[in-house]
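Here is a short report on one protein chain. It is best read with the sequence and the coordinates side by side.

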Amino acid sequence: MRLLPWTGADGKACHLSTDDPHSHLSQLADDVEAAQLASAEQVLAGARAVLGDPKAGERAVRFALTRAVESLGDVLRIAVSRGGDNR
């Protein structure tokens, strides 16, 4: 059972039941995960830039933090889907 990198319309986790890592849905999930990880790298760079700017206002800091939280959620979902849940 694979945890997919998106949720359903109800906000609940979606799972894929297949042994075929080359299925269309498995490959789509891989592509979405890769895009989420690439986006997280960009968000991290942007957040570092905002935090390093002493002139950054509250709006910029809140935006950077909001995006960082979204990206962290995506990265954690990917880690769990790959067996990284050590809780």
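What follows covers the hairpin, a serine pair, the salt bridges and the helix packing.

This is a predicted model.

**Hairpin**

Strand β1 spans residues 2–7 and runs antiparallel to β2. The two strands are joined by 3 bridges. Threonine 7 sits opposite alanine 13, a residue of β2. Together β1 and β2 make a hairpin, with 5 residues between the strands. Glycine 11 lies in the turn and has a positive phi of about 85 degrees.

**Serine pair at the start of α1**

Serine 23 belongs to the loop between β2 (13–16) and α1 (24–52). Serine 26 is in helix α1 itself. Their side chains make a polar contact at 3.0 Å.

Are these serines buried or exposed? Serine 23 has a relative accessible area of 17%, so it counts as buried, the cut-off being under 20%. Serine 26 is buried as well, with a relative accessible area of 3%.

Their surroundings can be listed with residues up to four places away in sequence left out. On that basis, serine 23 is in contact with Leu16 and Thr18. Serine 26 touches Leu16 and Thr18 too, along with Arg2, Asp20 and Pro21. Arg2 leads on to the charged pairs.

**Salt bridges**

The structure holds 4 salt bridges. Side chains of opposite charge can pair when their charged atoms come close. The table gives three of the bridges, with the distance from N to O.

| Pair | N to O distance |
|---|---|
| Arginine 2 and glutamate 33 | 3.3 Å |
| Glutamate 33 and arginine 82 | 3.1 Å |
| Arginine 67 and glutamate 70 | 2.5 Å |

Take the bridge between arginine 2 and glutamate 33. The pair links distant parts of the chain, with arginine 2 in strand β1 and glutamate 33 in helix α1, 31 residues apart. Arginine 2 and glutamate 33 are both buried. For glutamate 33, the relative accessible area is 2%.

Glutamate 33 also meets arginine 82 in a salt bridge. What does that pair tie together? Glutamate 33 is in helix α1 and arginine 82 is in the segment after α2 (58–81), so the bridge ties parts that lie 49 residues apart in sequence. Arginine 82 is exposed, with a relative accessible area of 55%. This bridge therefore pairs a buried glutamate with an exposed arginine.

Arginine 67 and glutamate 70 form a salt bridge within helix α2. They are 3 residues apart, so about one helical turn separates them. Arginine 67 is partly exposed at 27% relative accessibility. Glutamate 70 is partly exposed too, with a relative accessible area of 39%.

Salt bridges with shared partners join Arg2, Asp30, Glu33 and Arg82 into one network.

**Helix packing**

How do α1 and α2 pack? Their axes are 9 Å apart and meet at an angle of about 145 degrees. The crossing is left-handed.

On the α1 side, the contact is made by Glu33, Gln36, Leu37, Ser39, Ala40, Val43, Ala47 and Val50. The α2 side includes Ala60, Val61, Ala64, Arg67, Ala68 and Ser71. It also includes Asp74, Val75, Ile78 and Ser81.

Two residues from the salt bridges return here. Glu33 is part of the helix contact and of the charged network. Arg67 is part of the helix contact and is bridged to glutamate 70.

Methods:
Residues are numbered from 1 along each chain as its sequence is written. This is a predicted model: local features need pLDDT of at least 70, side-chain atom pairs count only at pLDDT 80 or more; totals for chains, interfaces and linings use all residues. Side-chain values use heavy atoms; hydrogens and water are left out. Helices (H or I, at least four residues) and strands (E, at least two) are DSSP runs, numbered from the N terminus. Buried means under 20% relative accessible area, exposed over 50%, partly exposed in between (1.4 Å probe, protein chains only). A polar contact is a pair of N or O atoms within 3.5 Å; within protein, one must be able to donate a hydrogen and the other to accept it, and residues adjacent in sequence count only if both atoms are side-chain atoms. Contact means heavy atoms within 4.5 Å. Two strands pair if DSSP finds at least two bridges between them. A salt bridge is a side-chain nitrogen of Lys or Arg within 4 Å of a carboxyl oxygen of Asp or Glu. Axes are lines fitted to C-alpha atoms, for helices over the stretch in contact, and angles run from 0 to 180 degrees between N-to-C directions. A crossing is left-handed if the near helix is turned anticlockwise from the far one by less than a right angle, and right-handed if clockwise.
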